[in-house]
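Biologist: I am new to this structure and would like to learn how to read its features one at a time. Could you show me the model before we begin?

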Amino acid sequence: MKNDKMKQQYRINEQIRVREVRIVGDDGSIVVPIRQALDMAHDQEVDLVEISPNANPPVCRLIDYSKFLYQQKKRQKEMKAKQVKVEVKEIRFGPQTDEHDYQFKLKHAKEFLEEGNKVRAYVFFRGRSILFKEQGEVLLLRFANDLEEYGKVEGMPSLEGKKMFLYLTPKKAGVAKKSQQARDREASEAEAKENAKQQTTEVKAEVPANGGLFANAKISADALKKLTESEE
């Protein structure tokens, strides 16, 4: 069925009813009358295939039609394989989401964005909780800030009925820019590691080298022995 549809997309040989055509190939292209193009196809034992009917003049190729359809089918398959399917993943919050639940959902949102998917986060207001819509907006803005390295916000939080939405699209790999909060956190961690390293070095300096205590003890014992022998 698919091959039949593909065959209908292209005119070949006598189906091409124009005055002249442009024949393209590895060596370039030439414009010739349609009769001459058909004779060339006959001499080479191939088909005259119209690949661009809207061009002026129409563009054709001299190629075996079955081979041409196979190449087109293979090309379409390769292009389809290269296409990345982008999904929209939903993250749902309540207006009073606790910290543990927030961190759990934040982790999943990072994974979704790293995989190239969009994220639609929303706060659902049930009943009288709609009174806390400002609290929901603050929650979504915090969510967007924490994901600054992974996704780009499409717009400010918007209220639609009982739901307040926030949309994020993934950033391209290698383009993600660290937020100031992340840079400050990394700087603090690096400083803490350096301080810990210095403290460890100072403690080691105060402890005698291996055998230091035992060496001092041996010297004292030898001195005591000599003193005892001299008294005898």
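Modeller: Please keep in mind that this is a predicted model. Let us start with a bridge between strands: in β4, Cys60 is the bridge partner of Ile23, and β1 and β4 pair in the parallel sense over two bridges.

Biologist: In what order do the strands of the open sheet lie?

Modeller: The open sheet has four strands in the order β2-β1-β4-β3, and its pairing is mixed. Because β2 and β3 each have a single partner strand, they stand at the edges, and one side of each is left without a neighbour in the sheet. On average, neighbouring strands of this sheet are turned by 40° against each other, direction ignored.

Biologist: Which residues of helix α2 are buried?

Modeller: A residue is called buried when its relative accessible area is under 20%, and in α2, which spans residues 34–43, this holds for Ile34, Ala37, Leu38 and Ala41. Seen down the axis of α2, the buried residues fall within an arc of 100°, so they line one face of the helix. These buried residues pack against β1, β2, β3 and β4, while the face turned away from them carries the exposed residues Arg35, His42 and Asp43. The helix lies across those four strands and runs at about 120° to β2.

Biologist: Is Asn117, in the loop between α4 and β6, buried or exposed?

Modeller: Asn117 counts as buried because its relative accessibility is 7%. The side chain of Asn117 reaches the backbone nitrogen of Glu87 at 3.2 Å, and a polar contact of 3.5 Å joins it to the side chain of Glu115.

Key:
Residues numbered from 1 in each chain as written. Predicted model: local features only at pLDDT ≥ 70, side-chain atom pairs only at ≥ 80, totals over all residues. Heavy atoms only, no water. Buried < 20%, exposed > 50% of the residue type's maximum accessible area, 1.4 Å probe, protein only. Polar contact = N/O pair within 3.5 Å; in protein donor to acceptor, adjacent residues only side chain to side chain. Arc of directions from axis to C-beta. Contact = heavy atoms within 4.5 Å. Pairing = 2+ DSSP bridges. Axes fitted to C-alpha atoms, helices over the stretch in contact; angles between N-to-C directions.
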